[in-house]
Amino acid sequence: MACQQLRVVAEAMPDIPADIIERLTIPKRSLVVAVPIRMDDGHVHTFVGFRVQHSLTSGASKGGLRYAPHVDLGEVAALSMWMSWKCGIMNLPFGGAKGGIACDPSLLSVGEKERLTRRFTEEVQTIIGPRTDVMAPDMGTDEQTMAWIYDTYSMKVGYACPEIVTGKPVDLGGCVGRREATGRGVVYCILEALKELDLRPEQSTAVIQGFGNVGSVTSEELVKLGVKIVAVGDRYGAVRDLHGLDIPALVKYAAAHPQKSVVNFPDAEAIDPAELLATPCTILVPAALERVITAENAGKLKCRILAEGANGPTTPDADAILAKTDIYVIPDVLCNAGGVTVSYFEWVQDLQQFMWSEQQVNEKLHELMVASFNKVRKLARDRNLTNRTAALSLGVLKVALEKQKRGLFP
């Protein structure tokens, strides 16, 4: 998908030299490592870990670290490429990176996750650094994971180095508002789309697929604006209330649920997760896994706005179908860029040892998200491109221009 999208950009932007497009197709650096740890029962199990740095042209590479059973080199490489375009769209001094360990974190104890994280950090130590590669939380990882990486790296270099990761606890130099940043960025984009379509939040409904960090924060922020959330789903099931779900109650319920799931929420009807995406609504937010909107279900969507909170939720085949409808797509590389933007704020604060207030963080995030949204829409109108192609083109153009101006060494 990532390479196919790059080819589409190359066709839409013929002024980008073909040799630079070729360079952008191949990640700068890919590392696969064995991660052996002693499990709680005493036996040693070896996991496989990955770290891919797509580009170092714009600055240190930046991207999350995910723990999930399906993680492999191809997935991580694609995600690192999307991160490059995301940083380019937001005009951040980063290249794209991504990392992962093939494991099921729900089956690991806290001690096993700590040993896994510290050993992985040791294995990738040679290619990470605050000016080389900065990790952040992703699927299956959190603030605590980043704290372990921060400590492990700091012990190796001999001094406290909070700028080695972002998304860490505020007590350790984390940025206030970082946890909510991706969801807030999604909502800022939705608000701009509603304005353009002359729709009011209080007259709008939304369906959220995925109720982790991004989905839950997006839901909470939309409700504050008057949007009615009519259905929510996760990998275990889905619930619906056409009169509007009680989102604060649902957040508390999911947090107390053993699997952090919305299943069996008492104040809603259970529905088949397959029905979720086809539920009529103003705003549909896929905020879970990649490739959930496909050629098979794209024609069944009944939303006015598709706001991609997840990475790569829509396949190219589905994109072609959506392009023939009136669905307003806010592409992932723009829509969920709030996370990496506030990660940038955190990195800057740690380097300067000067922390910002949450109001400053949110105001600056809103400013950058709206500016990037408007740049994407202008390019889309000027060149008659889809929003996705326009957004990707902005990101690719920034990296390509920098490569062109820096030249080739040696």
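1. Helix 13 is a good place to start in this predicted model. Its buried residues are Val361, Asn362, Leu365, Met369, Val370, Ser372, Phe373, Val376, Arg377, Leu379 and Ala380. These buried positions pack against helix 3 (73-89), helix 6 (181-196), strand 12 (328-330), helix 11 (332-335), helix 12 (338-352) and helix 14 (387-406).

2. The length of helix 13 also checks out nicely. Its 26 residues (358-383) should span 38 Å at 1.5 Å a residue, and the end C-alpha atoms are 37 Å apart, which agrees. Just after the helix comes Asn384, with a positive phi near 55 degrees.

3. Helix 13 carries a salt bridge of its own, between Glu367 and Lys364, with the closest N and O atoms 3.4 Å apart. The two residues are 3 apart in the helix, about one turn. Glu367 counts as partly exposed because its relative accessibility is 44%, and Lys364 counts as partly exposed at 32%. Elsewhere, Arg66, Glu75, Lys98, Asp138 and Glu290 are joined into one network by salt bridges that share partners.

4. Do look at the open sheet of 7 strands, ordered 9-8-7-6-10-11-12 with mixed pairing. Strand 9 (269-271) and strand 12 are the edge strands, each pairing on one side only. From one strand to the next, the twist averages 20 degrees.

5. Within that sheet, strand 10 (residues 283-286) and strand 11 (residues 305-307) run parallel and are joined by 2 bridges. Ile283 has Ile305 in strand 11 as its bridge partner. Helix 7 (residues 213-224) lies across strand 6 (205-209), strand 7 (228-234) and strand 10, and runs at about 170 degrees to strand 6.

6. Now for the wider set of charged pairs: the whole structure has 27 salt bridges. One of them joins the side chains of Asp133 and Arg51, at 2.8 Å from N to O. This pair links distant parts of the chain, with Asp133 in strand 5 (residues 133-137) and Arg51 in strand 2 (residues 44-53), 82 residues apart. Are these partners buried or exposed? Asp133 counts as buried because its relative accessibility is 0%, and Arg51 is buried too, with a relative accessible area of 0%.

7. A further salt bridge brings together the side chains of Glu275 and Arg240, at 3.8 Å from N to O. Glu275 lies in helix 9 (residues 273-276) and Arg240 in strand 8 (residues 237-240), so this pair ties together parts 35 residues apart in sequence. Here Glu275 is partly exposed at 38% relative accessibility, whereas Arg240, at 18%, counts as buried.

How values were computed: Residues numbered from 1 in each chain as written. Predicted model: local features only at pLDDT ≥ 70, side-chain atom pairs only at ≥ 80, totals over all residues. Heavy atoms only, no water. Helix = DSSP H or I, 4+ residues; strand = E, 2+ residues; numbered from the N terminus. Expected span 1.5 Å × (residues − 1). Buried < 20%, exposed > 50% of the residue type's maximum accessible area, 1.4 Å probe, protein only. Contact = heavy atoms within 4.5 Å. Pairing = 2+ DSSP bridges. Axes fitted to C-alpha atoms, helices over the stretch in contact; angles between N-to-C directions. Salt bridge = Lys/Arg side-chain N within 4 Å of Asp/Glu carboxyl O.
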